[in-house]
Amino acid sequence: MTQAIAISGLVKTYGEANALDGFDLAVPEGSVFGFLGPNGAGKTTTLRILSGLAHPTSGSAEVFGHDVVTSTSAVRAEIGFLPDVPGYYEWMTAPEFLRFAGGLFGLKGSVLDGRVDALLDLAGLTGVKTRIGGYSRGMKQRLGVAQALINAPRLLMLDEPTSALDPIGRKEVLDMIASLRGRTTVFFSTHILADVERVCDRVAILDKGRVVTSEAMADLKSRYGGQRFVIDTAGDASALLDRLLTETWVAEAMMLADGRLSVAVSDVETAQRALPAAISQAGLGLKRFEPGEISLEEVFVDLVGGER
């Protein structure tokens, strides 16, 4: 499998502080990859190094086999990058801004015309005559993503693309990102877990400059608890809770405020057999039994929440 990004032992220090503490990471070509972590984890520093805006202290990073330090021009030809606080010429219209950006890459004529029209359509900005200064934050972010795609990059990197947006603006930007699946590799950093869960097929979690996990979203959820069951019984379920906490296939069990039990399991097949039996042996009537997946938030808190 071709790797869009290959990072090995990446370190970045500022004085005596390690922003990045020697981590490895591989991002497969064609993936929508979420780079997740709390504020200050090192996400922006990583993106700046990958885009050539900063140099690592040690270690290496490659984009499609090109070293980000020694092959800067080759890397920049392969990437589109939207920083966390993008800048605009607010007196321009969207077509003018995209034409300006395309001109910086040497695009012109029918190639530039076609690229601008296609990206305006992708961003939902076709026919918008308002100058950029009058745009909402969501419109500006969609234009920023379009600008980052003007050179038809093989890798699109986005730094916190939805962090300052309202729910409608977030949805519009995430829909735009999702539409790129299969067309280019998307690597975006965020601290908003719901965004990653919605659009990403792979995720890495960064904490204190180190990658604590990197894998497919489905594998991550399966490995850290697999599935959750919510059980509503007729009668006091305290004794049932105590018993479940002793079972090896139970990853976590707790009593919810409304008296229901929430049980995360590591072995779904065993749980499906054993839970009804345990409820019966406890002398309880079963009113409701609801299966559901472990959320990315639960995995995230399990991996980094206790260390904050």
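In this predicted model, phenylalanine 100 has a relative accessible area of 34%, so this residue is partly exposed; the category runs between the 20% limit for buried and the 50% limit for exposed. Tyrosine 89 falls into the category of partly exposed residues as well, with a relative accessibility of 41%.

A search for aromatic pairs across the whole structure gives six of them. One joins the rings of phenylalanine 33 and phenylalanine 187, whose centres are 5.7 Å apart. The planes of these two rings meet at 40°, so the pair is described as tilted; planes have to be under 30 degrees apart to count as stacked and over 60 to count as edge-to-face. Along the chain, the two partners are 154 residues apart, and the contact links distant parts: phenylalanine 33 belongs to strand S3 (residues 32-36), while phenylalanine 187 belongs to strand S8 (residues 185-190). Phenylalanine 33 and phenylalanine 187 are both buried. A further ring joins the picture here, since Phe33, Phe35 and Phe187 make up one aromatic cluster.

The two partly exposed residues met at the start, tyrosine 89 and phenylalanine 100, also turn out to be partners. Tyrosine 89 and phenylalanine 100 form an edge-to-face aromatic pair, with 5.4 Å from centre to centre and 90° between the planes. Tyrosine 89 sits in the loop between strand S6 (79-82) and helix H3 (94-104), and phenylalanine 100 sits in helix H3 itself, 11 residues apart.

A ring can also be accompanied by a charged side chain. Arginine 154 lies over the face of phenylalanine 64, 3.7 Å from the centre of the ring.

Turning to helix H1, this stretch covers residues 43-50 and is mostly covered, with six of its eight residues buried. The buried residues of H1 are Lys43, Thr45, Thr46, Leu47, Ile49 and Leu50. Just after H1 comes glycine 52, which adopts a positive phi of about 85°.

Finally, the largest pocket holds about 510 Å³ of space. Its lining is made up of 21 residues, and those closest to the pocket centre are Phe81, Pro83, Leu104, Phe105 and Gln147. Strand S6 and helix H3, met above as the two sides of the loop holding tyrosine 89, return here: S6, H3 and helix H5 (137-148) each contribute at least two residues to this lining. Sorted by class, the lining contains 15 nonpolar residues, five polar residues and one charged residue.

Conventions: Residues are numbered from 1 along each chain as its sequence is written. This is a predicted model: local features need pLDDT of at least 70, side-chain atom pairs count only at pLDDT 80 or more; totals for chains, interfaces and linings use all residues. Side-chain values use heavy atoms; hydrogens and water are left out. Rings of Phe, Tyr and Trp (its six-membered ring) pair if their centres lie within 6.5 Å; planes under 30 degrees apart count as stacked, over 60 as edge-to-face and the rest as tilted. Helices (H or I, at least four residues) and strands (E, at least two) are DSSP runs, numbered from the N terminus. Buried means under 20% relative accessible area, exposed over 50%, partly exposed in between (1.4 Å probe, protein chains only). A charge sits over a ring if NZ of Lys or CZ of Arg is within 6 Å of the ring centre and within 35 degrees of the ring normal. On a 1 Å grid over the protein atoms alone, a cavity is a set of points where a 1.4 Å probe fits but cannot get out, and a pocket is an open set with protein on both sides within 12 Å along at least five of seven lines; lining residues have an atom within 4 Å of a point. Grid points are joined across faces, edges and corners, and a volume is the space filled by probe spheres set on the points. Ala, Val, Leu, Ile, Met, Phe, Trp, Tyr, Cys and Pro count as nonpolar, Asp, Glu, Lys and Arg as charged, and the others, Gly among them, as polar.
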